[in-house]
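Student: I'd like a close look at just one helix and what sits around it. Could you take me through it from its end to its neighbours?

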Amino acid sequence: LQLETDLRRAIERKELSIVYQPIVTLADGEIAGFEALMRWDHPKRGNIPPSEFIPIAESSDLIEPLGMFALERATTDLVEWERQTGHVPIFVSVNLSSAQLLSSELYNDIRSMLSKTQCEPNRIKLELTETVMMANPEQARLVLGKLKELGISLALDDFGTGYSSLVYLTRFPFDTIKLDRALVCAEGDKREVMLRSVVTMAREMEMTLVAEGVETDEVAKALADLGCQYGQSYLLGPPIGAESVQKLLRERF
Ligand code: G
Ligand code: G
Ligand code: MN
Ligand code: NA
């Protein structure tokens with residue numbers, strides 16, 4: 001409960017920040033976009049990982065302000081990078097919690113944020129897990145449909161773990177699949193045929209595929225050879241601050 005109290009004050013005290021992990025084209029290592037990941041620098045306890053504070057936010061009323069903070073910060077940073085680097089067409093991908101998706105405010109909040117920041121909707125990707133859709137599939141479908149119509153990109157996160165992921169691809173307007181690292185790094189001789197099948201499925205459904213946790217050069221090469229377009233991992237690029245992103249983009253483009 002102390003942590004919840006602390007988290008409540010964390011936004012105004014500027015203890016929360018966003019770091020950005022590159023999502024790269026496997027074939028040539030070029031940066032396609034970034035996933036926004038929240039960080040909490042607690043004044044007494046130091047860095048508290050999202051796996052600890054996101055659940056606290058979700059079980060209180062804090063997830064909506066926290067979620068909007070991440071979305072606004074990431075969008076503002078993206079617009080700034082684009083301006084500074086001569087409009088390199090990259091995207092930012094932001095994680096969405098179920099309480100956010102079920103909030104009646106989300107759609108309008110996102111719309112006004114886009115107009116305030118002058119950001120093109122197709123530069124924003126929202127990452128959702130099946131748990132997020134499971135909470136209220138009807139409401140989820142409605143809101144995701146409206147966001148998609150607005151031009152926002154939608155990614156199914158942690159694909160290949162949990163259950164019924166395939167059904168989510170048919171029921172919700174996703175354009176991107178994020179392949180969970182458990183699958184990407186799976187041991188055994190069935191891994192390749194499985195990855196090949198997912199690559200084929202994504203291609204035939206005309207969906208973007210991002211492989212997570214590509215931890216070795218061999219895996220990166222194998223995925224690229226199979227036709228998986230994008231990867232995201234510590235090997236390909238760790239999460240970095242907004243200024244470092246800007247520097248990186250200046251060097252690259
Ligand atoms: O780097 P990592 O430990 O940052 O992130 C762990 C998990 O925390 C991610 O898989 C993601 O699901 C969650 N997470 C990180 N940032 C956010 C955020 O801004 N909003 C939500 N809802 N989840 C986040
Ligand atoms: O939203 P999601 O759960 O997919 O968030 C990605 C998580 O994976 C973040 O916590 C991020 O820090 C972590 N991550 C990113 N790259 C790697 C990697 O190469 N290996 C592992 N084990 N984790 C990674
Ligand atoms: Mn994610
Ligand atoms: Na994931």
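Tutor: Right after α3 comes Gly86, and its phi is positive, near 75 degrees. Helices here are DSSP runs of H or I with at least four residues, strands runs of E with at least two, numbered from the N terminus. This is a predicted model, where local features need pLDDT of at least 70, side-chain atom pairs count only at 80 or more, and totals for chains, interfaces and linings use all residues. Residues are numbered from 1 along each chain as its sequence is written, while chains are lettered from A and ligands numbered from 1 in the order written.

Back to the helix itself. α3 runs over residues 63–84, so to speak a 22-residue rod. From first C-alpha to last it reaches 31 Å, close to the 32 Å expected at 1.5 Å a residue (1.5 Å times one less than the number of residues).

Which residues of α3 are buried? They are Ile63, Leu66, Gly67, Ala70, Leu71, Ala74, Thr75, Asp77, Leu78 and Trp81, where buried means 20 or more other C-beta atoms (placed from the backbone) within 10 Å of a residue's own. They cover an arc of only 165 degrees, taken over the directions from the helix axis to the C-beta atoms, which puts them on the same side of α3.

Now for the ligand next door. Around ligand 1 you'll find Leu37, Met38, Pro49, Pro50, Ser51, Ile54, Gly67, Ala70, Asn95, Leu96 and Ser97, each with its C-beta within 6 Å. Elements giving two or more residues to that shell are β2 (31–42), α2 (50–58) and α3. It's α2 that gives the most, with 3 residues. Gly67 and Ala70 turn up both in this shell and among the buried residues of α3. By class the shell has 7 nonpolar, 4 polar and no charged residues; Ala, Val, Leu, Ile, Met, Phe, Trp, Tyr, Cys and Pro count as nonpolar, Asp, Glu, Lys and Arg as charged, the others, Gly among them, as polar.

Set ligand 2 beside that: its shell has 4 nonpolar, 4 polar and 6 charged residues. Of the 14 residues there, Asn95, Gly213, Glu215, Ser233 and Tyr234 come nearest, and Asn95 is listed around ligand 1 as well.

How far does the predictor back all this? Mean pLDDT (its confidence in each residue, 0 to 100) is 95 for the protein, and 100% of residues reach 70 or more. The model scores ipTM 0.96 and pTM 0.97.

Note on methods: A residue is buried if 20 or more other C-beta atoms lie within 10 Å of its own, exposed if 12 or fewer, and partly exposed in between; C-beta atoms are placed from the backbone. pLDDT is the predictor's confidence in each residue, from 0 to 100.
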